Amino acid sequence: MTSISNFSFSDNIILEDDLVLLRPLQESDIDNLLEISINEPETWKYSLVGADGKENLIQYIQLAIKARENQKEFPFIVFDKKSQKYAGSTRFYDMNLEFKTLQLGYTWYGSAFRGTGLNKHCKFLLLQFAFETLGMERVEFRADNDNKRSIAAMKSIGCKVEGVLRSHMPTINKEIRRDSIVLSILKNEWFNEVKENLKQKL
């Protein structure tokens, strides 16, 4: 098991299995994600920071890379091995290595990759890295409380609901604030049940 002191935000972390490959997001990935960005703007319906349209996608990727440089986030691009296409993006954020906690989110995929099992493969690799390599004690997930598809996906991988943060943050429609649901997986839950249950679903 790698100790956390061996982790660096500059590492070229590659996570992969037979279906999916995750690697660090980079500026050149604008070309890889542009098709989804232009043709499927509804992908970011529940996101405060959208990547719909080329300009927004450029800004989205630049902000993600800057957050990595500032050692706050670690963004990945997701590659679907089956179709040999780039499927979307996800990241670790609010990373507090001292407290051994982080959040997993900013996850989105093009419509062709939803419901294919791709998300479960991504989450397995990311959770395994978080708990078994980084030694995290807690991985937290948040979503708009109206985003039923996202909430169902989180529950299906083994997340436990902790509660709802009322009027937690603004939305793209500045007049409306969202309630955020908070879910999590703890280290002992990962090793005792979540890992094996999730592996069975892959």
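Which residues does Ser 37 touch, not counting residues up to four places away in sequence? In this predicted model, they are Trp 44, Ala 51, Asp 52, Gly 53, Lys 54 and Leu 57.

**First stop: Ser 37**

Select residues 30-39, which form helix H1, and locate Ser 37 within that helix. Ser 37 has a relative accessible area of 1%; a residue under 20% counts as buried, and Ser 37 is therefore buried. Next, display Ala 51: its backbone oxygen is reached by the side chain of Ser 37 at 2.6 Å. To relate this site to another part of the chain, add Asn 188, which lies 151 residues from Ser 37 along the chain; the C-alpha atoms of the two are separated by 38 Å.

**Second stop: helix H3**

Select residues 118-133 to show helix H3. At 1.5 Å a residue, its 16 residues should span 22 Å, and the end C-alpha atoms are indeed 22 Å apart, so the expected and modelled spans agree. Helix H3 is mostly covered, with 13 of the 16 residues buried. Continue to Gly 135, which follows H3 and has a positive phi, near 70°.

**Third stop: strand E8 and its partners**

Select residues 177-186, strand E8, of whose 10 residues 7 are buried. Now add strand E6, residues 138-144, which pairs with E8 in the antiparallel sense over 7 bridges. Asp 144 can be found opposite Ser 180 of E8.

Finally, add strand E7, residues 160-170, which runs antiparallel to E8 and is joined to it by 7 bridges. Gly 163 has Val 182 in E8 as its bridge partner. Strands E7 and E8 form a hairpin, with 6 residues between them.

Notes: Residues numbered from 1 in each chain as written. Predicted model: local features only at pLDDT ≥ 70, side-chain atom pairs only at ≥ 80, totals over all residues. Heavy atoms only, no water. Helix = DSSP H or I, 4+ residues; strand = E, 2+ residues; numbered from the N terminus. Buried < 20%, exposed > 50% of the residue type's maximum accessible area, 1.4 Å probe, protein only. Contact = heavy atoms within 4.5 Å. Polar contact = N/O pair within 3.5 Å; in protein donor to acceptor, adjacent residues only side chain to side chain. Expected span 1.5 Å × (residues − 1). Pairing = 2+ DSSP bridges.
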